[in-house]
Amino acid sequence: MRKKKIISFVILILAVFTLGWLLQKLLMPKYMTKIVEGALISEYYDEKNKDHDVIFIGDCEVYENFSPITLWEKYGITSYIRGSAQQLIWHSYYILEDTLKYEKPDVVVFSVLSMMYDKPQKEAYNRMSIDGLPLSLTKIKMAKASMLPEEDLITYVFPLLRFHSRWNELSEEDFKYWFKKDKIAHNGYLMRVDVKPASSFPKPRKLADYRFGDICYDYLDKIVKLCKDNDIELVLLKAPSLYPHWYDEWDAQIVDYAKKNDLLYINMLDHLEQIGLDFSTDTYDAGLHLNLSGAEKCSVFLGKILKEKFNLADKRQDENLKAIWQEKIDAYYKMKEEQYKELEEYGYLLKFNLKRAEEDNRLQ
Amino acid sequence: MMKIKIFAILISVLVLLTGCGSSSQNPNPLPPSPSATTTPGNLQTAPGIEEKSIYYFSHNGIDIYMNDVAKPILDALGEPMHYFESPSCAFQGMDRVYTYNGFELYTYTDGDDDTEYVLSVVFMNDGVETNEGITIGSKLADVISAYGVKFVQDGSKYTYTSVNTDLSFVIENDEVVEVSYNLILE
């Protein structure tokens, strides 16, 4: 009788957890349409071969502006972009810590734009950076470092507690991608082929204090230490996005920090001509982010520096890698072709203009 | 009997997990809902209900309060000299900048809601001034004379606060080099 009770209890617990897990999978946002950036972080864990020469960490300045496929095609460098929307420096640190559980890259490239933020900005961005990590001590530490006052740590451990009220907002997308999601990025690169030329920008606002926050320096120190401890070369990078404004005072601080810590700092804004960027054709949102053409130009420029400076081997003749990357290349060019087709048919990319597409549908 | 007990417990857990959030406390940040209490940035809207700030910008008889709905103001101001838009990463709203003769008007939208609200007004030259007569090039002493000593100093920035608005003056070499009205983001 006692044995029967124990078995029943175990079955009950298993059933509760299974149901909870199923519900959580259903109720969490899928990020497969419109806000696709939310799917970037989790995609990494589906990678079969987590062994890269270069890992990028940072915000949209990495996942929109560099193409790992180009780095492979041009230099035989294997890379992955662990970027997410408005990834702040403490996100970057913990994402790197988590990545190092799976692999030890030769080089880590960190996008320094996030040094401008010394406070969490929005819960939505926290969710997009944190929820995609598997549950671990790193994830918990990351959530603790990132949370806004109104957020609860427990909801990062059990996201169902945060998203349970989505039950009345569930859409077709939630059921379609309940168990399996589409791949939206190419080794972390979010492709867009559309063009919106840059024109002029608002006058840069005067700041009361141009010094980056102490907490940003603390986390930058931690990233430096983490890389040193793991024998990884760290590169500080400012991508060539024209807005938000990158102040000379900020640049000077990064130059100084890189010098003191013997790091390579590349401010790509200083090399626009050399890169060959044309902001009338190489950006999809008037200079904030680059489109595919711009990202490929940046990758050619950056890849050459990384290869020469860190003596990265050309792995294009490695049969195993060749097969893996050919699959990625095929998916990359397929998406490129599809996006151009969409542009031709609709004048815009559907995935990134859902509202517009819905309005057009209504009018038809 | 045991099966009924198990079933009852399972149902209770499910109800607890799925049903405890009422619609008035919808916390789902993704995609953001206009009715969400966790409005990204926690911007306080409903300007018509709130007490008005004593700091607001007036231009050609048009009063511009922070967090006002922007459309009537933009209609009254007419065609801007320049327009710039900056979508937030991952569709979390849109910041827009309208440039007029002497100042820039910043607006924001929140998530899927297309309504624009006034975020900031920034002076570009001495062609415009505050209601108290301060402009680019005024002296720090003029600022203190006009607004008093109840300011908060952060480096070179002197800020006066009323309700939801910060009126800030950036001072360099004893002269005002930037004047801005800013919505206070809580």
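Which residues are linked with A:E123 in a network of salt bridges? The answer opens this set of close-up legends, and every view comes from a predicted model.

**Figure 1. A:E123 belongs to a network of salt bridges in chain A.** Look for A:E123, A:R127, A:D131 and A:R162, which are linked in this network. Side chains of opposite charge can pair when their charged atoms come close. Over all chains, the count of salt bridges comes to 29, and the next three views show some individual pairs.

**Figure 2. A:E97 and A:K141 form a salt bridge.** The closest N and O atoms of A:E97 and A:K141 are 3.5 Å apart. To find the two partners, follow helix α5 (residues 89-99) of chain A to A:E97, and helix α7 (residues 137-146) of chain A to A:K141; because the partners sit in these two helices, the pair ties together parts that are 44 residues apart in sequence. Are the partners buried or partly exposed? A:E97 has a relative accessibility of 15%, so it counts as buried. A:K141 has a relative accessibility of 33%, so it counts as partly exposed.

**Figure 3. A salt bridge joins A:K206 to B:E172.** Here the side chains of A:K206 and B:E172 meet at 3.9 Å, N to O. A:K206 lies in the loop between α10 (172-176) and α11 (214-229) of chain A, while B:E172 lies in strand β9 (residues 165-172) of chain B, so this pair joins two chains. Both partners can be described by how much of them is accessible. A:K206 is partly exposed, at 27% relative accessibility. B:E172 is partly exposed too, with a relative accessible area of 35%.

**Figure 4. B:D68 meets B:K52 in a salt bridge.** The N to O distance between these two side chains is 3.0 Å. B:D68 is in the loop between β2 and α2 of chain B and B:K52 is in the loop between α1 (2-19) and β1 (57-59) of chain B, so the pair ties together parts that are 16 residues apart in sequence. Is B:D68 buried or exposed? With a relative accessible area of 13%, B:D68 is buried, whereas B:K52 counts as partly exposed at 37% relative accessibility. For another landmark, try B:Y100: it is 32 residues from B:D68 in sequence, and the two are 18 Å apart in space, C-alpha to C-alpha.

**Figure 5. Chain B combines 3 helices and 10 strands.** Trace the chain along its sequence and you will meet the pattern α-β-β-α-β-β-β-β-α-β-β-β-β. Chain B has 186 residues, and 48% of them count as buried. As you trace, you can stop at the loop between β2 (62-64) and α2 (70-77), where B:D68 is found.

**Figure 6. A:F175 and A:W178 form an edge-to-face aromatic pair.** A pair of aromatic rings is described by the distance of the centres and the angle of the planes. A search of the whole structure finds 38 aromatic pairs over all chains. In the one shown here, A:F175 and A:W178 are 6.1 Å apart, centre to centre, with 85° between the planes. A:F175 is partly exposed, with a relative accessible area of 46%; A:W178 is partly exposed as well, with a relative accessible area of 23%.

**Figure 7. A:Y247 and A:W250 make an edge-to-face pair.** Their ring centres are 4.8 Å apart and the planes stand at 70°, so the pair is edge-to-face. A:Y247 counts as buried at 10% relative accessibility, and A:W250 is buried with a relative accessible area of 6%. Now widen the view: A:Y247 and A:W250 belong to one aromatic cluster with A:Y210, A:F212, A:Y217, A:W246 and A:Y257.

**Figure 8. A nonpolar patch lies on the surface of chain A.** The patch covers about 600 Å² and is made by A:I6, A:F9, A:V10, A:I13, A:L14 and A:F17. You can use A:F9 as a guide, since its place is in helix α1 (residues 2-27) of chain A. A:F9 counts as exposed, at 51% relative accessibility.

**Figure 9. Negative charges gather in a surface patch.** The residues to find are A:D51, A:D106, A:D231, A:E233 and A:D262. Where is A:D51 found? Look in the loop between α2 (40-43) and β1 (54-58) of chain A. A:D51 has a relative accessible area of 45% and is partly exposed.

How values were computed: Residues are numbered from 1 along each chain as its sequence is written. Chains are lettered from A and ligands numbered from 1 in the order in which they are written. This is a predicted model: local features need pLDDT of at least 70, side-chain atom pairs count only at pLDDT 80 or more; totals for chains, interfaces and linings use all residues. Side-chain values use heavy atoms; hydrogens and water are left out. Patches are made of residues with over 30% relative accessible area and no salt bridge: like charges are joined within 9 Å, nonpolar side chains (Val, Leu, Ile, Met, Phe, Trp, Tyr) within 5 Å. Accessible areas come from the Shrake-Rupley method with a 1.4 Å probe; for residues, only the protein chains shown count as cover. A salt bridge is a side-chain nitrogen of Lys or Arg within 4 Å of a carboxyl oxygen of Asp or Glu. Lys and Arg count as positive and Asp and Glu as negative; His and the chain ends are not counted. The place of a charge is taken as NZ of Lys, CZ of Arg, CG of Asp or CD of Glu. Helices (H or I, at least four residues) and strands (E, at least two) are DSSP runs, numbered from the N terminus. Buried means under 20% relative accessible area, exposed over 50%, partly exposed in between (1.4 Å probe, protein chains only). Rings of Phe, Tyr and Trp (its six-membered ring) pair if their centres lie within 6.5 Å; planes under 30 degrees apart count as stacked, over 60 as edge-to-face and the rest as tilted.
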